[in-house]
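Colleague: I'd like to learn how to read a model like this one. Could you walk me through it, feature by feature?

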Amino acid sequence: MAGEDRQRDPLEVQRAGWMAAAQRGDAAAYETLLSSLLAPLRGFVFRRGVDDGNVEDVVQEILLLLHRARHTWRPERPFEPWLWAIARNATTDALRRQARQRRRMRDRGTDEMDLLPDGDLERGPVANPEERIADRELPAELREALAGLPDAQREAVLLLYVEQLSVAEAARRAGVSPNALKVRAHRGSRALRAALISEEDSR
Amino acid sequence: MRDRRSTADLVAELTGGLAPVRPLPALRWQVVSLAVAWCLTGLVVAAWQGLHPAAVLDRGVSSTGIAIGLALLAGSALAAALATRIPGRERALLMAAGGGVLSLGLLLAVWIGMIGTTVGAIFHAAEDLRCVGHASLFSAPSGLVAGFLAARGVAWRPVTSGLTLALGAAAAGALLTHLSCQSEDAWHWLFGHAIGPLAIGVLVGALLAWWFERSRLAASPSTGVQENPNALELE
(Lines give C-alpha, C1' and ligand atoms only; values in the text may rest on other atoms or scores of the structure.)
Protein backbone atom coordinates (compact mmCIF):
# COMPACT_ATOMS: atom_id res chain seq x y z
CA MET A 1 0.00 0.00 0.00
CA ALA A 2 2.71 2.47 1.01
CA GLY A 3 4.81 1.19 -1.87
CA GLU A 4 2.00 1.91 -4.34
CA ASP A 5 1.63 5.41 -2.91
CA ARG A 6 5.30 5.98 -3.44
CA GLN A 7 5.16 4.75 -6.99
CA ARG A 8 2.32 7.15 -7.74
CA ASP A 9 3.92 10.13 -6.03
CA PRO A 10 5.36 12.22 -8.89
CA LEU A 11 7.60 14.22 -6.54
CA GLU A 12 9.15 11.01 -5.21
CA VAL A 13 9.74 9.79 -8.76
CA GLN A 14 11.26 13.12 -9.76
CA ARG A 15 13.58 13.28 -6.76
CA ALA A 16 14.62 9.65 -7.24
CA GLY A 17 15.47 10.46 -10.85
CA TRP A 18 17.60 13.44 -9.81
CA MET A 19 19.37 11.38 -7.17
CA ALA A 20 20.10 8.55 -9.61
CA ALA A 21 21.55 11.11 -12.02
CA ALA A 22 23.58 12.66 -9.17
CA GLN A 23 25.06 9.25 -8.38
CA ARG A 24 26.29 9.15 -11.97
CA GLY A 25 27.93 12.53 -11.45
CA ASP A 26 25.26 14.85 -12.93
CA ALA A 27 25.89 18.08 -10.98
CA ALA A 28 22.90 19.93 -12.46
CA ALA A 29 20.47 17.21 -11.34
CA TYR A 30 22.10 17.21 -7.91
CA GLU A 31 21.77 20.96 -7.57
CA THR A 32 18.10 20.77 -8.57
CA LEU A 33 17.55 18.00 -6.04
CA LEU A 34 19.28 19.78 -3.15
CA SER A 35 17.53 23.08 -3.92
CA SER A 36 14.14 21.35 -4.03
CA LEU A 37 14.81 19.79 -0.62
CA LEU A 38 15.65 22.98 1.26
CA ALA A 39 12.10 24.11 2.10
CA PRO A 40 10.80 20.69 3.21
CA LEU A 41 13.97 20.13 5.24
CA ARG A 42 13.61 23.49 7.00
CA GLY A 43 10.01 22.62 7.85
CA PHE A 44 11.02 19.19 9.09
CA VAL A 45 13.83 20.48 11.30
CA PHE A 46 11.69 23.29 12.70
CA ARG A 47 8.79 20.94 13.43
CA ARG A 48 11.06 18.53 15.26
CA GLY A 49 11.91 21.21 17.81
CA VAL A 50 15.19 22.80 16.69
CA ASP A 51 15.47 26.46 17.68
CA ASP A 52 14.86 29.04 14.97
CA GLY A 53 18.44 30.24 15.04
CA ASN A 54 19.82 26.73 14.50
CA VAL A 55 17.46 25.50 11.78
CA GLU A 56 19.71 26.55 8.91
CA ASP A 57 22.76 24.94 10.54
CA VAL A 58 20.92 21.64 10.92
CA VAL A 59 19.66 21.80 7.32
CA GLN A 60 23.28 22.24 6.24
CA GLU A 61 24.32 19.27 8.36
CA ILE A 62 21.64 17.18 6.68
CA LEU A 63 22.90 18.23 3.25
CA LEU A 64 26.46 17.29 4.20
CA LEU A 65 25.34 13.94 5.59
CA LEU A 66 23.25 13.28 2.49
CA HIS A 67 26.26 14.14 0.31
CA ARG A 68 28.54 11.70 2.14
CA ALA A 69 25.89 8.99 2.25
CA ARG A 70 24.69 9.35 -1.33
CA HIS A 71 26.18 5.98 -2.31
CA THR A 72 23.95 4.22 0.25
CA TRP A 73 20.76 4.94 -1.70
CA ARG A 74 19.89 2.42 -4.38
CA PRO A 75 17.88 3.55 -7.41
CA GLU A 76 15.40 0.67 -7.06
CA ARG A 77 14.57 1.77 -3.49
CA PRO A 78 12.22 4.66 -2.62
CA PHE A 79 14.09 7.92 -2.12
CA GLU A 80 11.97 9.62 0.52
CA PRO A 81 12.42 7.13 3.42
CA TRP A 82 16.17 7.30 2.81
CA LEU A 83 16.14 11.09 2.85
CA TRP A 84 13.96 11.44 5.96
CA ALA A 85 16.03 8.84 7.84
CA ILE A 86 19.10 11.02 7.28
CA ALA A 87 17.18 14.14 8.25
CA ARG A 88 15.83 12.48 11.41
CA ASN A 89 19.27 11.32 12.47
CA ALA A 90 20.91 14.73 12.00
CA THR A 91 18.01 16.48 13.71
CA THR A 92 18.10 14.11 16.68
CA ASP A 93 21.81 14.83 17.10
CA ALA A 94 21.10 18.56 16.93
CA LEU A 95 18.32 18.28 19.51
CA ARG A 96 20.65 16.43 21.87
CA ARG A 97 23.24 19.20 21.49
CA GLN A 98 20.53 21.81 22.05
CA ALA A 99 19.31 20.06 25.19
CA ARG A 100 22.87 19.81 26.52
CA GLN A 101 23.44 23.50 25.83
CA ARG A 102 20.24 24.43 27.66
CA ARG A 103 21.14 22.24 30.62
CA ARG A 104 24.57 23.85 30.82
CA MET A 105 23.07 27.31 30.69
CA ARG A 106 20.48 26.45 33.30
CA ASP A 107 23.25 25.16 35.55
CA ARG A 108 25.35 28.30 35.09
CA GLY A 109 22.49 30.74 35.45
CA THR A 110 21.46 33.38 32.96
CA ASP A 111 24.87 34.97 32.36
CA GLU A 112 25.28 33.06 29.14
CA MET A 113 21.98 34.09 27.58
CA ASP A 114 24.04 35.99 25.02
CA LEU A 115 25.08 32.65 23.54
CA LEU A 116 21.51 31.86 22.53
CA PRO A 117 20.61 32.19 18.87
CA ASP A 118 18.56 35.25 17.90
CA GLY A 119 15.31 33.30 17.71
CA ASP A 120 15.70 32.22 21.30
CA LEU A 121 16.47 35.71 22.52
CA GLU A 122 13.22 36.87 21.03
CA ARG A 123 11.09 34.06 22.38
CA GLY A 124 13.00 32.69 25.37
CA PRO A 125 15.07 29.51 25.55
CA VAL A 126 12.22 27.19 26.48
CA ALA A 127 9.99 28.00 23.54
CA ASN A 128 9.26 24.95 21.41
CA PRO A 129 9.02 25.54 17.65
CA GLU A 130 5.97 23.32 17.42
CA GLU A 131 4.29 25.58 19.92
CA ARG A 132 5.43 28.49 17.81
CA ILE A 133 3.67 27.04 14.78
CA ALA A 134 0.62 26.74 16.96
CA ASP A 135 1.18 30.28 18.25
CA ARG A 136 0.67 31.58 14.79
CA GLU A 137 -2.13 29.37 13.58
CA LEU A 138 -4.14 27.86 16.40
CA PRO A 139 -6.36 29.08 19.24
CA ALA A 140 -4.75 29.33 22.68
CA GLU A 141 -6.68 26.36 24.18
CA LEU A 142 -5.67 24.06 21.36
CA ARG A 143 -2.09 25.32 21.55
CA GLU A 144 -1.95 24.45 25.23
CA ALA A 145 -3.47 21.01 24.69
CA LEU A 146 -1.01 20.32 21.84
CA ALA A 147 1.93 21.16 24.09
CA GLY A 148 0.81 18.43 26.50
CA LEU A 149 0.86 15.66 23.89
CA PRO A 150 3.74 13.18 23.58
CA ASP A 151 6.18 14.22 20.80
CA ALA A 152 5.17 11.48 18.35
CA GLN A 153 1.45 12.22 18.68
CA ARG A 154 1.98 15.98 18.42
CA GLU A 155 4.05 15.53 15.27
CA ALA A 156 1.38 13.30 13.70
CA VAL A 157 -1.39 15.78 14.54
CA LEU A 158 0.63 18.74 13.20
CA LEU A 159 1.57 16.93 9.98
CA LEU A 160 -1.93 15.71 9.22
CA TYR A 161 -4.18 18.45 10.57
CA VAL A 162 -2.05 21.62 10.62
CA GLU A 163 0.17 21.09 7.58
CA GLN A 164 -2.59 19.00 5.98
CA LEU A 165 -0.21 16.55 4.30
CA SER A 166 -1.50 13.27 2.90
CA VAL A 167 -1.16 10.23 5.16
CA ALA A 168 1.54 8.78 2.90
CA GLU A 169 3.58 12.01 2.85
CA ALA A 170 3.16 12.60 6.59
CA ALA A 171 4.24 9.01 7.30
CA ARG A 172 7.35 9.44 5.19
CA ARG A 173 8.24 12.65 7.03
CA ALA A 174 7.73 11.02 10.41
CA GLY A 175 9.58 7.88 9.35
CA VAL A 176 6.79 5.49 10.28
CA SER A 177 4.27 3.40 8.36
CA PRO A 178 1.02 5.10 7.29
CA ASN A 179 -0.89 2.90 9.73
CA ALA A 180 1.37 3.85 12.64
CA LEU A 181 0.97 7.51 11.75
CA LYS A 182 -2.82 7.18 11.64
CA VAL A 183 -2.78 5.49 15.04
CA ARG A 184 -0.62 8.29 16.49
CA ALA A 185 -2.82 10.96 14.97
CA HIS A 186 -5.95 9.22 16.23
CA ARG A 187 -4.56 8.91 19.76
CA GLY A 188 -3.30 12.47 19.60
CA SER A 189 -6.64 13.88 18.49
CA ARG A 190 -8.44 11.81 21.14
CA ALA A 191 -6.09 13.13 23.83
CA LEU A 192 -6.56 16.65 22.48
CA ARG A 193 -10.34 16.30 22.65
CA ALA A 194 -10.15 15.00 26.22
CA ALA A 195 -7.84 17.85 27.24
CA LEU A 196 -10.12 20.44 25.65
CA ILE A 197 -13.23 18.97 27.30
CA SER A 198 -11.58 18.91 30.72
CA GLU A 199 -10.42 22.50 30.19
CA GLU A 200 -14.01 23.45 29.32
CA ASP A 201 -15.34 21.67 32.44
CA SER A 202 -12.86 23.33 34.77
CA ARG A 203 -14.07 26.80 33.79
CA MET B 1 32.47 25.56 15.53
CA ARG B 2 31.82 25.60 11.80
CA ASP B 3 32.07 28.86 9.91
CA ARG B 4 28.66 30.20 9.07
CA ARG B 5 27.96 30.17 5.37
CA SER B 6 24.80 30.40 3.38
CA THR B 7 22.99 27.22 2.44
CA ALA B 8 23.12 28.30 -1.20
CA ASP B 9 26.92 28.45 -0.97
CA LEU B 10 26.96 24.98 0.54
CA VAL B 11 24.77 23.59 -2.25
CA ALA B 12 27.13 25.16 -4.81
CA GLU B 13 30.12 23.67 -2.99
CA LEU B 14 28.57 20.20 -2.89
CA THR B 15 27.49 20.19 -6.52
CA GLY B 16 30.67 21.72 -7.91
CA GLY B 17 33.07 18.91 -8.79
CA LEU B 18 30.52 16.23 -7.95
CA ALA B 19 32.06 12.78 -8.36
CA PRO B 20 30.01 9.75 -9.41
CA VAL B 21 29.55 7.07 -6.77
CA ARG B 22 28.93 3.34 -6.97
CA PRO B 23 25.78 2.49 -4.96
CA LEU B 24 26.23 0.15 -2.02
CA PRO B 25 25.16 -3.44 -2.85
CA ALA B 26 21.53 -4.22 -1.99
CA LEU B 27 21.02 -5.39 1.58
CA ARG B 28 20.01 -8.89 0.42
CA TRP B 29 23.27 -9.22 -1.54
CA GLN B 30 25.23 -8.07 1.47
CA VAL B 31 23.52 -10.79 3.51
CA VAL B 32 24.22 -13.33 0.76
CA SER B 33 27.91 -12.40 0.75
CA LEU B 34 28.00 -12.95 4.51
CA ALA B 35 26.33 -16.33 4.07
CA VAL B 36 28.93 -17.23 1.45
CA ALA B 37 31.74 -16.20 3.83
CA TRP B 38 30.18 -18.35 6.56
CA CYS B 39 29.79 -21.34 4.20
CA LEU B 40 33.41 -21.06 3.05
CA THR B 41 34.52 -20.98 6.68
CA GLY B 42 32.31 -24.01 7.23
CA LEU B 43 34.10 -25.86 4.43
CA VAL B 44 37.47 -25.16 6.06
CA VAL B 45 36.13 -26.28 9.46
CA ALA B 46 34.65 -29.41 7.88
CA ALA B 47 38.01 -30.27 6.35
CA TRP B 48 39.86 -29.53 9.61
CA GLN B 49 37.60 -30.88 12.35
CA GLY B 50 34.54 -32.27 10.55
CA LEU B 51 30.98 -31.00 10.89
CA HIS B 52 28.33 -33.17 12.56
CA PRO B 53 24.93 -31.55 12.06
CA ALA B 54 23.03 -34.83 12.50
CA ALA B 55 24.81 -35.52 15.81
CA VAL B 56 23.88 -32.02 17.02
CA LEU B 57 20.19 -32.85 16.50
CA ASP B 58 20.55 -36.35 17.98
CA ARG B 59 22.02 -34.96 21.22
CA GLY B 60 18.60 -33.70 22.27
CA VAL B 61 16.64 -30.53 22.86
CA SER B 62 19.42 -28.51 24.51
CA SER B 63 21.87 -29.09 21.67
CA THR B 64 19.26 -28.41 19.01
CA GLY B 65 18.05 -25.31 20.87
CA ILE B 66 21.60 -23.93 21.08
CA ALA B 67 22.16 -24.60 17.36
CA ILE B 68 18.89 -22.91 16.36
CA GLY B 69 19.46 -20.01 18.77
CA LEU B 70 22.98 -19.39 17.46
CA ALA B 71 21.89 -19.62 13.82
CA LEU B 72 19.02 -17.20 14.41
CA LEU B 73 21.23 -14.83 16.38
CA ALA B 74 23.98 -14.87 13.74
CA GLY B 75 21.56 -14.13 10.90
CA SER B 76 19.53 -11.50 12.68
CA ALA B 77 22.41 -9.66 14.37
CA LEU B 78 24.50 -9.50 11.20
CA ALA B 79 21.50 -8.36 9.15
CA ALA B 80 20.80 -5.71 11.80
CA ALA B 81 24.44 -4.57 11.71
CA LEU B 82 24.19 -4.02 7.96
CA ALA B 83 20.68 -2.50 7.99
CA THR B 84 21.62 -0.05 10.70
CA ARG B 85 24.22 1.56 8.39
CA ILE B 86 21.75 2.14 5.54
CA PRO B 87 19.35 5.09 5.88
CA GLY B 88 15.69 4.16 5.49
CA ARG B 89 16.10 0.47 6.34
CA GLU B 90 14.63 0.82 9.83
CA ARG B 91 11.98 -1.80 9.10
CA ALA B 92 14.62 -4.40 8.19
CA LEU B 93 16.49 -3.37 11.32
CA LEU B 94 13.41 -3.88 13.49
CA MET B 95 12.72 -7.30 11.96
CA ALA B 96 16.32 -8.32 12.52
CA ALA B 97 16.19 -7.03 16.09
CA GLY B 98 13.05 -9.13 16.65
CA GLY B 99 14.92 -12.22 15.44
CA GLY B 100 17.80 -11.36 17.75
CA VAL B 101 15.55 -11.05 20.79
CA LEU B 102 13.86 -14.34 19.89
CA SER B 103 17.20 -16.13 19.58
CA LEU B 104 18.49 -14.77 22.88
CA GLY B 105 15.21 -15.88 24.48
CA LEU B 106 15.71 -19.35 23.03
CA LEU B 107 19.28 -19.56 24.39
CA LEU B 108 18.05 -18.35 27.78
CA ALA B 109 15.28 -20.98 27.74
CA VAL B 110 17.86 -23.69 27.02
CA TRP B 111 19.92 -22.44 29.96
CA ILE B 112 16.93 -22.35 32.30
CA GLY B 113 15.87 -25.81 31.13
CA MET B 114 19.33 -27.18 31.87
CA ILE B 115 19.42 -25.68 35.36
CA GLY B 116 16.44 -27.86 36.23
CA THR B 117 17.68 -31.09 34.71
CA THR B 118 21.47 -31.18 34.90
CA VAL B 119 22.73 -31.24 38.44
CA GLY B 120 26.38 -31.72 39.38
CA ALA B 121 27.84 -31.15 35.92
CA ILE B 122 31.62 -30.94 35.84
CA PHE B 123 33.18 -27.69 34.68
CA HIS B 124 35.86 -28.42 32.06
CA ALA B 125 37.61 -25.08 31.77
CA ALA B 126 40.28 -26.20 29.30
CA GLU B 127 37.75 -27.81 26.98
CA ASP B 128 35.48 -24.78 27.20
CA LEU B 129 38.31 -22.35 26.52
CA ARG B 130 39.46 -24.37 23.51
CA CYS B 131 35.99 -24.17 21.97
CA VAL B 132 35.72 -20.44 22.80
CA GLY B 133 39.03 -19.98 20.97
CA HIS B 134 37.78 -21.96 17.97
CA ALA B 135 34.54 -19.97 17.90
CA SER B 136 36.51 -16.70 17.91
CA LEU B 137 38.67 -17.96 15.07
CA PHE B 138 35.69 -19.15 13.03
CA SER B 139 33.88 -15.85 13.55
CA ALA B 140 36.69 -13.85 11.94
CA PRO B 141 35.76 -14.29 8.23
CA SER B 142 32.08 -13.35 8.74
CA GLY B 143 33.12 -10.50 11.03
CA LEU B 144 35.63 -9.13 8.53
CA VAL B 145 33.17 -9.25 5.63
CA ALA B 146 30.45 -7.66 7.77
CA GLY B 147 32.91 -5.03 9.02
CA PHE B 148 33.94 -4.15 5.46
CA LEU B 149 30.31 -3.80 4.36
CA ALA B 150 29.32 -1.84 7.48
CA ALA B 151 32.28 0.51 6.99
CA ARG B 152 30.96 1.32 3.50
CA GLY B 153 27.62 2.37 4.99
CA VAL B 154 26.80 5.59 6.79
CA ALA B 155 29.03 6.40 9.76
CA TRP B 156 26.30 6.56 12.38
CA ARG B 157 24.65 4.47 15.16
CA PRO B 158 28.07 3.27 16.37
CA VAL B 159 26.86 1.31 19.40
CA THR B 160 24.10 -0.60 17.61
CA SER B 161 26.22 -1.44 14.59
CA GLY B 162 29.31 -2.34 16.63
CA LEU B 163 27.50 -4.60 19.06
CA THR B 164 25.25 -6.34 16.51
CA LEU B 165 28.16 -6.90 14.14
CA ALA B 166 30.41 -8.48 16.76
CA LEU B 167 27.60 -10.46 18.37
CA GLY B 168 26.41 -11.77 15.00
CA ALA B 169 29.91 -12.78 13.92
CA ALA B 170 30.52 -14.43 17.31
CA ALA B 171 27.28 -16.41 16.97
CA ALA B 172 28.22 -17.46 13.42
CA GLY B 173 31.58 -18.75 14.67
CA ALA B 174 30.00 -20.37 17.71
CA LEU B 175 27.53 -22.23 15.49
CA LEU B 176 30.40 -23.76 13.50
CA THR B 177 32.08 -24.73 16.77
CA HIS B 178 28.86 -26.35 18.00
CA LEU B 179 28.51 -28.26 14.73
CA SER B 180 32.11 -29.47 14.84
CA CYS B 181 32.49 -30.28 18.57
CA GLN B 182 31.71 -33.85 19.58
CA SER B 183 31.38 -33.26 23.33
CA GLU B 184 28.32 -34.82 24.96
CA ASP B 185 28.33 -32.40 27.91
CA ALA B 186 25.40 -29.96 27.77
CA TRP B 187 27.12 -27.49 30.10
CA HIS B 188 30.12 -27.45 27.80
CA TRP B 189 27.85 -26.57 24.87
CA LEU B 190 26.38 -23.75 26.88
CA PHE B 191 29.66 -22.28 28.17
CA GLY B 192 32.03 -23.18 25.32
CA HIS B 193 29.65 -22.70 22.40
CA ALA B 194 27.25 -19.99 23.55
CA ILE B 195 28.00 -17.91 26.65
CA GLY B 196 31.80 -17.73 26.19
CA PRO B 197 31.84 -16.77 22.49
CA LEU B 198 28.94 -14.35 22.91
CA ALA B 199 30.63 -12.68 25.89
CA ILE B 200 33.72 -12.16 23.75
CA GLY B 201 31.42 -10.86 21.03
CA VAL B 202 30.03 -8.25 23.42
CA LEU B 203 33.56 -7.16 24.42
CA VAL B 204 34.71 -6.90 20.81
CA GLY B 205 31.42 -5.13 20.04
CA ALA B 206 32.20 -2.49 22.66
CA LEU B 207 35.59 -1.90 21.01
CA LEU B 208 33.98 -1.75 17.58
CA ALA B 209 31.39 0.72 18.86
CA TRP B 210 34.21 2.93 20.13
CA TRP B 211 35.98 2.70 16.76
CA PHE B 212 32.76 3.41 14.83
CA GLU B 213 32.13 6.38 17.11
CA ARG B 214 35.58 7.74 16.28
CA SER B 215 34.93 7.37 12.56
CA ARG B 216 31.51 8.98 13.04
CA LEU B 217 33.10 11.98 14.71
CA ALA B 218 35.75 12.15 12.00
CA ALA B 219 33.01 12.20 9.36
CA SER B 220 30.82 14.59 11.36
CA PRO B 221 29.26 17.43 9.35
CA SER B 222 31.00 19.87 11.71
CA THR B 223 34.27 18.93 9.98
CA GLY B 224 32.91 20.54 6.81
CA VAL B 225 32.66 19.29 3.25
CA GLN B 226 34.54 16.04 2.67
CA GLU B 227 34.30 13.94 -0.41
CA ASN B 228 32.41 10.70 -0.12
CA PRO B 229 35.07 7.98 0.31
CA ASN B 230 33.03 5.86 -2.09
CA ALA B 231 33.35 8.40 -4.89
CA LEU B 232 34.71 6.84 -8.06
CA GLU B 233 37.89 8.05 -9.68
CA LEU B 234 37.08 10.19 -12.70
CA GLU B 235 38.72 9.18 -15.94
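Modeller: Let's start with a term: two residues are in contact if their C-beta atoms, placed from the backbone, lie within 7 Å. Keep in mind that this is a predicted model.

Colleague: Let me try that on one residue. Leaving aside neighbours within four places in sequence, which residues is B:Ala146 in contact with?

Modeller: B:Ala146 is in contact with B:Leu34, B:Leu78, B:Ala81, B:Leu82, B:Leu165, B:Gly168 and B:Ala169, once neighbours within four places in sequence are left aside.

Colleague: And how do I get from one residue's contacts to a core?

Modeller: The general idea is that in soluble globular proteins, nonpolar side chains tend to be buried together. Here the largest nonpolar core has 56 residues. B:Ala146 is one of those with the most contacts inside it, and so are B:Leu70, B:Leu78, B:Leu82, B:Ala170, B:Ala171 and B:Leu175.

Colleague: Which elements give two or more residues to this core?

Modeller: They are α2, α4 (61–83), α5 (90–117), α6, α7 and α8 (186–218) of chain B. The largest share comes from α4(B), with 13 residues. There is also a second, separate core of 39 residues, which includes A:Val50, A:Val59, A:Leu65 and B:Leu18.

Colleague: Let me step back to chain B as a whole. How many helices and how many strands does it have?

Modeller: Chain B comes to 8 helices and 0 strands. Going from the N terminus, the order is α-α-α-α-α-α-α-α. Of its 235 residues, 44% are buried. For the contacts, take those between residues at least 6 apart in sequence: 85% of them join residues at least 24 apart.

Colleague: How should I read a pair of helices that pack against each other?

Modeller: Two packed helices are described by the angle between their axes and the distance between the axes. Try α2 (residues 27–48) and α7 (residues 158–180) of chain B: the angle is about 30 degrees and the axes are 11 Å apart. Angles under 35 degrees count as roughly parallel, so α2(B) is roughly parallel to α7(B). The crossing of α2(B) past α7(B) is right-handed.

Colleague: Which residues make that contact?

Modeller: From α2(B) you have B:Trp38, B:Thr41, B:Gly42 and B:Val45, and from α7(B) you have B:Ala172, B:Leu176 and B:Ser180. By class, the contact of α2(B) with α7(B) has 4 nonpolar, 3 polar and no charged residues. As a general point, an α-helix has 3.6 residues a turn, so residues three or four places apart point the same way.

Colleague: What about the loop before α7(B)?

Modeller: Look at B:Arg157, which lies in the loop between α6 (125–152) and α7 of chain B. Its phi is near 45 degrees, a positive value in a residue other than glycine. B:Arg157 has 19 other C-beta atoms within 10 Å, and a residue needs 20 or more to be buried, so B:Arg157 is partly exposed. Chain A has a positive phi to look at too: A:Gln164, which follows α9(A), has a phi near 55 degrees.

Colleague: Now the interface. How many residues of each chain are in contact across it?

Modeller: There are 32 residues of chain A in contact with 27 residues of chain B. On the chain A side, the elements giving two or more residues are α2 (10–23), α3 (27–48), α4 (52–68) and α5 (79–108). α4(A) gives the most, with 9 residues. By class, that side of chain A has 16 nonpolar, 9 polar and 7 charged residues.

Colleague: Does α4(A) show up in a helix pair I can read the way we did before?

Modeller: It does: α4(A) packs with α1 (residues 7–15) of chain B at an angle of about 10 degrees, with the axes 10 Å apart. That angle makes α4(A) roughly parallel to α1(B). A:Glu56, A:Val59, A:Gln60, A:Leu63 and A:His67 of α4(A) meet B:Thr7, B:Leu10, B:Val11 and B:Leu14 of α1(B). This contact of α4(A) with α1(B) has 5 nonpolar, 3 polar and 1 charged residues.

Colleague: One last residue, then. Is A:Ala27 buried or partly exposed?

Modeller: A:Ala27 has 16 C-beta neighbours inside 10 Å, so A:Ala27 counts as partly exposed. This residue lies in helix α3 of chain A. Not counting residues up to four places away in sequence, A:Ala27 touches B:Thr15, B:Gly16 and B:Leu18.

Notes: Residues are numbered from 1 along each chain as its sequence is written. Chains are lettered from A and ligands numbered from 1 in the order in which they are written. This is a predicted model: local features need pLDDT of at least 70, side-chain atom pairs count only at pLDDT 80 or more; totals for chains, interfaces and linings use all residues. Helices (H or I, at least four residues) and strands (E, at least two) are DSSP runs, numbered from the N terminus. Ala, Val, Leu, Ile, Met, Phe, Trp, Tyr, Cys and Pro count as nonpolar, Asp, Glu, Lys and Arg as charged, and the others, Gly among them, as polar. Axes are lines fitted to C-alpha atoms, for helices over the stretch in contact, and angles run from 0 to 180 degrees between N-to-C directions. Angles under 35 degrees count as roughly parallel, over 145 as roughly antiparallel, 65 to 115 as roughly perpendicular and the rest as oblique. A crossing is left-handed if the near helix is turned anticlockwise from the far one by less than a right angle, and right-handed if clockwise. A residue is buried if 20 or more other C-beta atoms lie within 10 Å of its own, exposed if 12 or fewer, and partly exposed in between; C-beta atoms are placed from the backbone. A nonpolar core is a set of buried Ala, Val, Leu, Ile, Met, Phe, Trp, Tyr and Cys residues joined through C-beta atoms within 7 Å.
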